[in-house]
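Trainee: I am new to this structure. Could you take one part of it and go through it closely with me?

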Amino acid sequence: MALKDINAALAKAHDFIDFVNASPTPYHAVDSAVQRLTKAGFQEIKERDSWSSTLQPGGKYYLTRNGSSIVAFGIGKKWKAGNPIAMVGAHTDSCCLRLKPVSKKSGHGFMQVGVETYGGGKWHTWFDRDLSIAGRAMIKDGKGNYVQKLVKVDRPILRIPTLAIHLDRETNFNPNKETELFPIAGLVEAELNRTGKKGEKKAEDEKTSALEKEEEDFQPLQTMTERHHPYIVKLIAEHAGAKVEDLVDFEIVLYDTQKACLGGLNNELIFSARLDNLGMTYCAVEGIIESLSSSSALENESSIRLITCFDHEEIGSTSAQGAASNLLPAVLRRLSVLPAHHDAASDNSYVKVPREAELDISTAYEQTLSTSFLISADMAHSVNPNYASKYESDHRPEMNKGTVIKINANQRYATNSPGIVLLQEVARRAKPSQDSTTSAGVPLQLFVVRNDSSCGSTIGPMLSAALGTRTIDVGNAQLSMHSIRETGGTYDVEHGVRLFESFFEHYTDLEAKILVD
């Protein structure tokens, strides 16, 4: 392998690491994606607006919902109502700990914060880590509006301490999630010294007179500094660029301040938080960007190329911005009836063309769904050498050996034979990865769980059922899924990007050749 090729592959991995480090929450992940899409020429649109005079064949667009889910797409210049849409779906959320609505706690001289578990995390891995906070804050903008501001405190401020082995000789570490998972934020005495409030204040100084209370503005809830430690509220306000009194509410989670990095003797591994599923979110975003990087990419395209990255997959997807919501169906319905391109210089311009000039659009949505295809992209399990017996003997994916096709007879994954046929051809036509020993293509692997093992699931089955659209489940291989610190393959980053890039570039041609109805 040429040195320049190795460096190019590592550069892609380093770019992914930058993406992960900038994205401790779904809100940050969407913001990171928006920055990349905007730089690549994508234009923001909003669900609340009409798209009839905005969307044009040859255009590139994105929209967000709740600031934590995103849809981006490019419209082929030969698009017609009812044509196919090539889709890659991923999710932006990861298992984490979230601050409770009332988080202020203290005990035995320590300041602590109350947290709530999000998803099925391996919570014992959160102990003895250097933790901080990130999320979004709702701020008064001084004009009578409330706006969202992202927050990311970069220094360690929290820690969940383990109990010394001398005080607990049990071999299994299974902490109680309600009583033993509260981080310490510091010492009460240190906070009193910082604020200059030594000792207990007199009761009469702590209470406001009845008359003063009557004159205060009515507050339906306790103030933020009553519900949370004032210094934490101050930090959140500072990082949101706001005053404490303008901070109305927030959604804040804990994250590990140790940055993602390359590892292994030959830098062949990635050590990182949130590989599940920012690994596939990154590949989806970069895949569509690279497939549209040429100014002529959409010139002869009759389909729409689309990515969608949802929030709340780790807790079942049942939310307004999850995969079980109407987000994707609503977008697809609006796109499916877009009219074809017309010469804007003529009287029959794009905006002026009457519906009668189009083919019957009453079934355009159904036609689009029946000819479209969804790649559900969620990280997969690499074989763990210390627990090899936990894997089916003939289906043990390895890192850096290519994206994994996930199969389950009980439809925990949505993969079937036509999808495998399609993805094989997509992989065969893909531009070679920089670490490839062949002149073209990217490798693929297959995975099924053991019959005596439980099987996870993804957004694939729920979306394929809701849409009736052909779907395949894939993901890059990783170790330690749902741990605070996971392990992936350096070269699989480029494998995933190249695979999705090829999917977008070749789907229109391949769709017509897979004759299954």
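Mentor: Start with helix H9, residues 327–336, in this predicted model. Seven of its ten residues are buried, so the helix is largely enclosed by the rest of the structure. Which residues of H9 are buried? They are Leu327, Leu328, Pro329, Val331, Leu332, Leu335 and Ser336.

What do these buried residues pack against? Four strands and two helices are listed here:
- strand S2 (60–65) and strand S3 (69–75);
- strand S4 (85–91) and strand S13 (304–310);
- helix H10 (364–371) and helix H12 (459–467).

Now look for empty space. Rolling a probe the size of a water molecule over the atoms shows where such space is left. The count comes to three cavities of 30 Å³ or more.

Take the largest cavity. Its volume is about 200 Å³. The lining of this cavity has 21 residues, and the closest to its centre are Ser94, Cys95, Cys96, Trp126 and Arg274. Which strand gives the most to this lining? Strand S10, residues 247–256, does, with four residues. The lining of the largest cavity is mixed: ten residues are nonpolar, five are polar and six are charged.

Next comes the second largest cavity. Its volume is about 90 Å³. The residues that line this cavity are Phe16, Ile270, Leu275, Gly279, Met379, Asn476, Ala477, Gly488, Gly489, Asp492 and Val493. Three elements give two or more residues to this lining: helix H8 (275–291), strand S20 (486–489) and helix H13 (492–511). By type, the lining of the second largest cavity holds six nonpolar residues, four polar and one charged.

Finish with a single residue, Thr125. Where is Thr125 found? Find the loop between strand S6 (110–118) and strand S7 (131–140); Thr125 is there. Is Thr125 buried or exposed? Its relative accessible area is 17%, and a residue counts as buried under 20%, so Thr125 is buried. The side chain of Thr125 reaches the backbone oxygen of Lys122, at 2.6 Å. What does Thr125 contact, leaving aside its neighbours within four places in sequence? Thr125 is in contact with Ser483 and Ile484.

Note on methods
Residues numbered from 1 in each chain as written. Predicted model: local features only at pLDDT ≥ 70, side-chain atom pairs only at ≥ 80, totals over all residues. Heavy atoms only, no water. Buried < 20%, exposed > 50% of the residue type's maximum accessible area, 1.4 Å probe, protein only. Polar contact = N/O pair within 3.5 Å; in protein donor to acceptor, adjacent residues only side chain to side chain. Contact = heavy atoms within 4.5 Å. 1 Å grid on protein atoms, 1.4 Å probe; cavity = no way out; pocket = protein on both sides within 12 Å on 5 of 7 lines; lining within 4 Å. Points joined across faces, edges and corners; volume = space filled by probe spheres on them. Nonpolar A, V, L, I, M, F, W, Y, C, P; charged D, E, K, R; others polar.
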